[in-house]
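These are my notebook entries on one structure, set down in the sequence in which I looked things up.

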Amino acid sequence: MTGTDSRIAVVGAGAIGGITAAVLARAGFDVEVVCKHQDTVDRAVGPGLHVFGVMGDFRVPVKAVKSITNLSGAKDVVFLAVKAADAVPAAEELLQFLDDNSILVSLQNGICEDALAHVVGRGRVIGCVVGWGATMHGPAELEMTSSGEFVVGNIDHRDDVHLPAVKHMLDTIVPTRISENIMGELYAKLIINSCINSLGALTGLHLGRMLAIRKVREIFFEIMREAMATAEAMHIKVEAGGGGKLDYYEFLAPGGILSALKRHLIVRIIGFKYRRLKSSSLQSLERGRRTEIEYLNGYICDRAREHGVPTPMNDALVAMIREIETGSRKITPDNINEPVFAPM
């Protein structure tokens, strides 16, 4: 399974899935991508998937089908790049295309690994943190907005013979490392995603403008505090996030005014570096789709309730995003002036 003859499927041709499929195909791998819309299928097999941004500008034709049931046959590796809410139904459809040695690599925001393992078996699931950014500007028009890394690992903290092969594949896109604590890595990404996605969807702002607002930064810190309290109750050791540069334990450690100023400065720097980033939840809302809030802040809230940990900030954000999804609340920066944020 280490060579370019590996049978690979990428399910989902959005920003992350599309770029993953395009670069793997350009590297010579046997890739078949599942695109939800026929227009994307036609473009993928015709002129090709167009990738541009920090990785350069290129176009790659890729084998494409409109649905999982149309895949050409069994796959050795499936990179699952659908929205979190669609991950389990997709895994159920994929079962017929998985051999005994096939593996499923989860590229979702949030933590879906346990739910996927329930469908396809724990031995088949590899956790993966996507540590780079991308935006889809239209069918087959995919911008890589920031560089970074992939992190992969076995969800039961075991040695896995498949990991070197997966690393070899993903190294063609960005540097990839194998972690012995993938759940801690995933939780670290969950925290920052819960901050960026909830506030991006709530305000409608790109990250740079959003993090220039002091109250938004304070909300970020409270999301993090609640998430870390929940992780402690779950006995999860949270790895450093932001490409290994943000140690949440140190970042949130109590201190005086200098510690608070340092927190604000660090987040302002992150906002400047990724100032063009638009949250995937905001992109979903702009397309008239639901967000992944249940698998981000909602995951924190659900686990917290199981362990008796209070999460009022995350609870409020989940409720407000659901109101936006149903049309009873508008996307506006004024949302941060709600009473729940008054102490900020």
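**Entry 1: aromatic pairs**

I looked up Phe-150 before any other residue, and I note that the model is a predicted one. Phe-150 has a relative accessible area of 0%, so I entered this residue as buried.

I then asked how many aromatic pairs there are. The count comes to 2 aromatic pairs. In one of them, Trp-132 and Phe-150 meet edge-to-face, with 5.8 Å from centre to centre and 90 degrees between the planes. I recorded where the two partners sit: Trp-132 is in the loop between strand S8 (125-130) and strand S9 (133-138), while Phe-150 belongs to strand S11 (residues 150-154). The partners are 18 residues apart, and the pair links distant parts of the chain. Trp-132 is buried as well, with a relative accessible area of 6%.

I next examined Phe-221 and Phe-251, which form an edge-to-face pair at 5.7 Å centre to centre, with 65 degrees between the planes. Phe-221 lies in helix H8 (residues 214-234) and Phe-251 in helix H9 (residues 248-251), so this contact ties together parts that are 30 residues apart in sequence. Is Phe-221 buried or exposed? I found it buried, at 1% relative accessibility. Phe-251 is buried too, with a relative accessible area of 6%.

**Entry 2: charges over rings**

I returned to Phe-221 and found Arg-263 over the face of this ring, at 6.0 Å from the ring centre. Elsewhere, Arg-26 lies over the face of Phe-58, at 3.8 Å from the ring centre.

**Entry 3: the sheet and its helices**

I traced an open sheet of 8 strands with mixed pairing, in the order S5-S2-S1-S6-S7-S8-S11-S12. Which strands are at the edges? They are strand S5 (63-65) and strand S12 (176-178), each of which pairs on one side only. On average, neighbouring strands of this sheet are turned by 25 degrees against each other, direction ignored.

Within the sheet I looked at strand S1 (residues 7-11) and strand S2 (residues 30-34), which run parallel and are joined by 5 bridges. Val-11 stands opposite Val-34 in S2.

I also noted helix H4 (residues 113-120), which packs on the sheet and touches strand S6 (75-80), strand S7 (98-106) and S8. The direction of H4 makes about 155 degrees with that of S8. Helix H6 (residues 182-203) lies across S8, S11 and S12 and runs at about 40 degrees to S8.

**Entry 4: salt bridges**

I searched the whole structure and obtained 22 salt bridges. One of them joins the side chains of Glu-149 and Arg-177 at 3.1 Å, N to O. Glu-149 lies in the loop between strand S10 (141-146) and S11 and Arg-177 in strand S12, so the bridge ties together parts that are 28 residues apart in sequence. Glu-149 counts as buried at 18% relative accessibility, whereas Arg-177 is partly exposed at 30%.

The salt bridge between Glu-306 and Arg-303 is also listed at 3.1 Å, N to O. Both residues lie in helix H12 (residues 297-307), 3 residues apart, about one turn of the helix. Glu-306 counts as exposed, at 55% relative accessibility.

I entered a further salt bridge between Glu-323 and Arg-329, at 2.7 Å, N to O. Glu-323 is partly exposed, with a relative accessible area of 29%, and Arg-329 is buried, at 17%. Finally, I recorded one network, in which salt bridges that share partners join Arg-290, Glu-294, Arg-322 and Glu-325.

How values were computed: Residues numbered from 1 in each chain as written. Predicted model: local features only at pLDDT ≥ 70, side-chain atom pairs only at ≥ 80, totals over all residues. Heavy atoms only, no water. Phe/Tyr/Trp six-rings, centres within 6.5 Å; stacked < 30°, edge-to-face > 60°. Helix = DSSP H or I, 4+ residues; strand = E, 2+ residues; numbered from the N terminus. Buried < 20%, exposed > 50% of the residue type's maximum accessible area, 1.4 Å probe, protein only. Lys NZ or Arg CZ within 6 Å of the ring centre and 35° of its normal. Pairing = 2+ DSSP bridges. Axes fitted to C-alpha atoms, helices over the stretch in contact; angles between N-to-C directions. Contact = heavy atoms within 4.5 Å. Salt bridge = Lys/Arg side-chain N within 4 Å of Asp/Glu carboxyl O.
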